[in-house]
Amino acid sequence: MTSPAFRPTHVVPGPGMPAWEVPDPARPTLPLDPLLPVQLLERRGDWAYVLCANGWAAWVDGRLLIAVPQDPPAPESPLTRAADPRPLLSRASDALARYRAAVEELAGGGLDGEAFRGRTRGLRIGVIVDGEDVWLYDAAHGRWVYAEGTRLSTYATDEGPQAGGHAPTEVAQAAGHPPTQVVTRDGP
């Protein structure tokens, strides 16, 4: 049961997420259920201390939380412009065109397997479009972003939570999948 003062600011992602007693990957606790409403109480770098709708509190990777839409700002509040997804859409389109050209050349016999690997090395895109919603992979920053129109926000990142903002990959491994690896033109 939630208290009258509880107002969710986020929900847990669809697959659920690991949680910790303290902001330390060595001290895990029970994972949070998928789509559980939570209220963000504190931030420490990538860590977020959340109060759950059921009254329980835990530390989580705050970058993975899904923000709940808030009321629009009051007229006296300054309006700020969010990042624009169009540059990411352009980069994804360019990378897909380069990949498609390499596939066409491979299929036509103009490239062998090694040349194809060389031509496509370093290409990294991710795009999911579902009606008005779009998720884009930003390889330059190692993160997935969610865009709704021209509003852009970080959805998930490649690294686990750390107080300083840089972390190893324990969170991805704890979630049961390998972390996303950014590949440069020179290899991993």
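This report describes the nonpolar cores, one buried acidic residue and a surface patch of a predicted model.

## Basis of the description

The model is predicted, with local features requiring pLDDT of at least 70 and side-chain atom pairs pLDDT 80 or more, while totals for chains, interfaces and linings use all residues. Residues are numbered from 1 along each chain as its sequence is written, and side-chain values use heavy atoms, without hydrogens and water.

## Nonpolar cores

A nonpolar core is a set of buried Ala, Val, Leu, Ile, Met, Phe, Trp, Tyr and Cys residues joined through side-chain atoms within 4.5 Å; buried means under 20% relative accessible area, exposed over 50% and partly exposed in between (1.4 Å probe, protein chains only). The largest core has 15 residues, of which Met17, Leu32, Leu36, Val38, Val50, Val60 and Leu65 touch the most other members. Two or more residues each come from β2 (17–20), β5 (47–52) and β6 (57–61), and β5 gives the largest share, 3 residues. Strands are DSSP runs of E, at least two residues, and helices are runs of H or I, at least four, numbered from the N terminus.

Apart from this core lies another, of 6 residues, including Leu136, Val145, Ala147 and Leu152.

## Asp138

Asp138 belongs to strand β9 (residues 133–138). Asp138 counts as buried because its relative accessibility is 2%. Beyond neighbours within four places in sequence, Asp138 is in contact (heavy atoms within 4.5 Å) with Leu88, Arg91 and Arg143.

## Val103

Val103 lies in helix α1 (residues 86–107). With 32% relative accessibility, Val103 counts as partly exposed.

Conventions
Patches are made of residues with over 30% relative accessible area and no salt bridge: like charges are joined within 9 Å, nonpolar side chains (Val, Leu, Ile, Met, Phe, Trp, Tyr) within 5 Å. Accessible areas come from the Shrake-Rupley method with a 1.4 Å probe; for residues, only the protein chains shown count as cover. A salt bridge is a side-chain nitrogen of Lys or Arg within 4 Å of a carboxyl oxygen of Asp or Glu.
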